[in-house]
Amino acid sequence: MPYIGYAFILLVCLGVTLVCFGRMEDRAYPYLLYGIGAGMVLMTSLAGPYLVGSDIHLEYYYAQLRAGQDVLQPLWGTPQGTSIITYLTNNIWFYKLVIPLLFALVPVLLYLVFRKWFTDKQAFLASFFFIAFPAFSMELPGITRQMSAEVVLAFLLYLLFVSKTRYKVPLIIVCGILLPLIHYAVAAVGLIFLLFILVFYKNTRRTAILGMAGILIVSAVYFPVAEDGAVGLKLVYLYNGWAPSSLEISAPSITIPQFPRPELVESPPMDPPPNSLMSRYEGIMLDGLGLDFLRTTSQGKVFRILQWSIMGLMITGAWKLRRSKTYWAFAGGGVFLP
């Protein structure tokens, strides 16, 4: 029933409009953000009686495997099987409802962090743009381990920049430990964020070091043994894709059975020039940056123009905050990642 989704989007637009014109109290912003985020994610995860997405099916397979269900044994280990989320339960509603509702806390946590540099209204809009980005409601609901890890990462940033709780240090250590156990990629992202915090934000250097230590120690112990070292091997392949040939790390090859594929009806996307910087990224990443502008539909062109406009505003905002070391401690890792 798409009309429910359309009605919800209209309500979201109404709520954001009320915020922009000052018709809503500041204290309601976190609740509104949570409602918007939860509704957008649930529209995908509850779209049918089954799981929605690609990675989530493999994650659910491992959950059934851990629970002793009658499933085939894996032929080789995969990174999806290393997440401790698959050990918790194989109840399908945990993946369709519980994790998405937890994931909806991320914009709220970011709002609380953004208020350190922006007004309440500006922080609300920044968090809303995080929700409005299509990956939030269309891609991430199909990756359980990433939704879970992003909650931990957002909570870690909240602890470092905002929280004054007496349990701040042990909580930061716990977050550092959990990140590699939940999702290796988000753990790598968290490590980069912590590195910039360590350099630019002297008030939290000790706690940043503790968070980094948690990530590095657990990664060094867990990745080589989990699922036959699948994550360690994946990281080696990622490193070799960027490193010069003289600095590559030798790794055993994986032979994956090849199956015949149907011929494409449409012409495949144009590949970037070989040996260029863009050639190191996957096609979907290039499309996400809007580099497929000339090949996409009219609606796609409109979306990419809006996307570039928002990116331009982000650059403008970053320039205005260029003298704030605390802001660059927070945002520097995100700018560096692409």
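I began with tryptophan 93, which counts as partly exposed because its relative accessibility is 45%, a value that lies between the limit of under 20% for buried and the limit of over 50% for exposed. I note here that what I am reading is a predicted model.

**Entry on the nonpolar patch**

I then looked up where tryptophan 93 sits, and I found it in helix H4. Which residues make the nonpolar surface patch? I listed Leu46, Trp93, Leu97, Val98, Leu102 and Leu105, which make a patch of about 480 Å². I also looked up which helix gives the most to this patch, and I wrote down helix H4, residues 92-103, with four residues.

**Entry on histidine 183**

Next I turned to histidine 183, whose place is in the loop between helix H9 (168-182) and H10. Is histidine 183 buried or exposed? I entered histidine 183 as buried, because its relative accessible area is 5% and buried means under 20%. I looked up its distance to threonine 82 as well, and found that histidine 183 and threonine 82 are 7.9 Å apart in space, C-alpha to C-alpha, while 101 residues separate them in sequence.

**Entry on helices H10 and H11**

From that loop I went on to helix H10 (residues 184-200), which packs with helix H11 (residues 205-222). I kept in mind that two packed helices are described by the angle between their axes and by the distance between those axes. For H10 and H11 I noted an angle of about 155 degrees, with the axes 9 Å apart. Why are H10 and H11 roughly antiparallel to each other? I reasoned that their angle of about 155 degrees falls in the range over 145 degrees that counts as roughly antiparallel, and therefore this word applies to the pair. I added that the crossing of H10 and H11 is left-handed.

**Entry on the loop after H11**

Last, I read the loop between H11 and helix H12 (230-242), where I found glutamate 227, and I placed aspartate 228 in the loop between H11 and H12 too. I looked up phi for glutamate 227 and found a positive value of about 50 degrees, although this residue is not a glycine. For aspartate 228, which is also a residue other than glycine, I noted a positive phi near 60 degrees. I then checked how far each is covered: glutamate 227 is buried, with a relative accessible area of 19%, whereas aspartate 228 counts as exposed at 71% relative accessibility. I kept both cut-offs beside these values, because buried means under 20% and exposed means over 50%.

Technical notes:
Residues are numbered from 1 along each chain as its sequence is written. This is a predicted model: local features need pLDDT of at least 70, side-chain atom pairs count only at pLDDT 80 or more; totals for chains, interfaces and linings use all residues. Side-chain values use heavy atoms; hydrogens and water are left out. Patches are made of residues with over 30% relative accessible area and no salt bridge: like charges are joined within 9 Å, nonpolar side chains (Val, Leu, Ile, Met, Phe, Trp, Tyr) within 5 Å. Accessible areas come from the Shrake-Rupley method with a 1.4 Å probe; for residues, only the protein chains shown count as cover. A salt bridge is a side-chain nitrogen of Lys or Arg within 4 Å of a carboxyl oxygen of Asp or Glu. Helices (H or I, at least four residues) and strands (E, at least two) are DSSP runs, numbered from the N terminus. Buried means under 20% relative accessible area, exposed over 50%, partly exposed in between (1.4 Å probe, protein chains only). Axes are lines fitted to C-alpha atoms, for helices over the stretch in contact, and angles run from 0 to 180 degrees between N-to-C directions. Angles under 35 degrees count as roughly parallel, over 145 as roughly antiparallel, 65 to 115 as roughly perpendicular and the rest as oblique. A crossing is left-handed if the near helix is turned anticlockwise from the far one by less than a right angle, and right-handed if clockwise.
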